[in-house]
Amino acid sequence: MPMPTLTQEQHAIVEAVGDFTREHLAPSAIDWDRRKHFPVDVLAKAADLGLGGIYVAEKHGGSALSRRDGTLIFETLATGCPSIAGYISIHNMVAWMIGHYGDDGQRARWLPGLCSMRELASYCLTEPGAGSDAAAIATRAVRDGDAYILDGVKQFVSGAGASQVYVVMARTGAAGARGISAFVLERDDSGLSFGANEEKMGWNAQPTRQVILDGVRVPADRLLGREGDGFRIAMNGLNGGRLGIAACSLGGARAALEASTSYLESRRAFGAPLLHAQGLQFQLADMATELEAARALLWRAATALDEGDPKAVELCAMAKRFVTDTGFAVANRALQLHGGYGYLTEYGIEKIVRDLRVHQILEGTNEIMRVIVARGLTGAA
Ligand SMILES: Cc1cc2nc3c(=O)[nH]c(=O)nc-3n(C[C@H](O)[C@H](O)[C@H](O)COP(=O)(O)OP(=O)(O)OC[C@H]3O[C@@H](n4cnc5c(N)ncnc54)[C@H](O)[C@@H]3O)c2cc1C
């Protein structure tokens, strides 16, 4: 992939993450998907490369890289396995939230473990009765002396059960976004339990479970930021998270495009390699063009977030919507170009299509991304 605008350091990051992806992710991705295996040992190896705390300050064990660097990392990881790349993106979203909003004690307590990925993190916002309308969550945290008691159910939590650290959004005040606070819970906290691992279309190499909070009593120092800050913390986490998920779509689709080019070269029909058919070449050309356009928007949004651009939120939403839609369409087209073999598990294309489908849904659906962009245009609240 030609990347003329990358710095020397960014080229080195892509090379190191590419080596890791080829060695540790790509060879096992289909097997993990089939067995629904979450490879925590491989995650610890990723952390040895600095991928456990990509946006965390070096003094807390992180890599202190930019969002722009992050897009390169997640695109590269996803060429090997979009599901594992997606989980690493979520883990880094939570590590960033603790690094950015936590106090010194909280950073010292959780960040070293998260950066080494000896401890994994989950993000708990969605509930059975509140997804897109996240400000309507019903999980409650009630102050009781020097503690809070949390009750409620979180739905669709990635990594749940395997993670040690859970950032949970819960209501401490009145209805609406301002009544929400963020808490850091640990897997061993009494009253915390997990639902069954959901049966899913894709993202099978990582668990998705309910997180059930039944009178979880935690000391008040588990509050992240101040009371009432939780919705803002959750949304700011998602701005960066959406770039990571979009980058995962780009990487998965790129792998599918590359596989299609080689496949069409080796597959013969009507007396010649299929790659000689100009109609198919044009499809590859369109797929490559669409991915370049998606990458350009993704990099623009990442730079905006790095630079604190006032349009960063809308740009992240535009990028998440456009890149995940484009990535899915390209991967689906790659499946068609493989004919019947694209539908077979062993070729790896159908897995990419299944994995990329959920990127259009999670961390805010692509309809909600349009709501955010439209709000920026119209000035509506
Ligand atoms: C595999 C997987 C992993 C996930 N991981 C996590 C996680 O780790 N942590 C977490 O908190 N959540 C997670 N989620 C939840 C995910 O973020 C939600 O599913 C998503 O935000 C949508 O919420 P919902 O499913 O309740 O859909 P709903 O909100 O019920 O939406 C249903 C449909 O209506 C549309 N819609 C809703 N409101 C509007 C509107 N105003 N305008 C136009 N269309 C609208 C939606 O776009 C969607 O198409 C995960 C989900 C999945 C499937």
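Which helix holds Glu314? I looked this up before anything else. Glu314 sits in helix H9, which spans residues 312–337. I note here that the model is a predicted one.

**Entry: Glu314**

I checked the burial and the charge partners of Glu314. The residue is buried, yet it has no salt bridge. I then asked which side chain of opposite charge is nearest to Glu314. That is Lys311, at 4.7 Å. A salt bridge needs the nitrogen and the carboxyl oxygen within 4 Å, so Glu314 and Lys311 do not make one. Next I listed the contacts of Glu314, leaving out residues up to four places away in sequence. Glu314 touches Ile372, Val373 and Gly376.

**Entry: the ligand**

I turned to the ligand and its surroundings. I found 16 residues around it. Thr126, Ser132, Phe156, Thr365 and Glu367 come nearest.

Which atoms of Phe156, Ser158 and Glu367 meet the ligand? I took them in turn. Phe156 uses its backbone: an N or O atom there lies 2.8 Å from a ligand nitrogen. Ser158 uses its side chain, with a polar atom 2.8 Å from a nitrogen atom of the ligand. Glu367 also brings a polar side-chain atom, 2.6 Å from an oxygen atom of the ligand. I then looked up the cover. Taken alone, the ligand exposes 970 Å², and the protein buries 64% of that.

**Entry: helix H10**

How many of the nine residues of helix H10 are buried? I counted eight, so I logged this helix (residues 349–357) as mostly covered, with buried meaning under 20% relative accessible area. The buried set is Ile349, Glu350, Lys351, Ile352, Val353, Arg354, Asp355 and Leu356. I then asked what these residues pack against. The partners are helix H2 (29–35), helix H5 (82–101), helix H7 (230–266) and H9. H9 is the helix that holds Glu314.

**Entry: salt bridges**

I found 19 salt bridges in the structure. I followed three of them.

The first on my list was Arg109 with Glu186. Their closest N and O atoms are 3.1 Å apart. This pair links distant parts of the chain: Arg109 is in helix H6 (residues 104–115) and Glu186 is in strand S5 (residues 180–186), 77 residues apart. Arg109 has 39% relative accessibility, so it counts as partly exposed. Glu186 is partly exposed too, at 22%.

Next came Arg333 with Glu290. The closest N and O atoms are 3.4 Å apart. This pair also links distant parts of the chain, with Arg333 in helix H9 and Glu290 in helix H8 (residues 278–306), 43 residues apart. Both are partly exposed: Arg333 stands at 25% relative accessibility, and Glu290 at 30%.

Then I took Glu292 with Arg295. Their side chains meet in a salt bridge of 3.1 Å, N to O. Both lie in helix H8, three residues apart, about one turn of the helix. An α-helix has 3.6 residues a turn, so residues three or four places apart point the same way.

Is each partner buried, partly exposed or exposed? Glu292 counts as partly exposed because its relative accessibility is 41%. Arg295 counts as buried because its value is 5%.

I followed this pair further. Glu292 and Arg295 belong to a network of salt bridges that also links Glu75, Arg254 and Glu258.

Key
Residues are numbered from 1 along each chain as its sequence is written. This is a predicted model: local features need pLDDT of at least 70, side-chain atom pairs count only at pLDDT 80 or more; totals for chains, interfaces and linings use all residues. Side-chain values use heavy atoms; hydrogens and water are left out. Helices (H or I, at least four residues) and strands (E, at least two) are DSSP runs, numbered from the N terminus. Buried means under 20% relative accessible area, exposed over 50%, partly exposed in between (1.4 Å probe, protein chains only). Lys and Arg count as positive and Asp and Glu as negative; His and the chain ends are not counted. Contact means heavy atoms within 4.5 Å. A residue is near a molecule or strand if one of its heavy atoms lies within 4 Å of it. A polar contact is a pair of N or O atoms within 3.5 Å; within protein, one must be able to donate a hydrogen and the other to accept it, and residues adjacent in sequence count only if both atoms are side-chain atoms. Accessible areas come from the Shrake-Rupley method with a 1.4 Å probe; for residues, only the protein chains shown count as cover.
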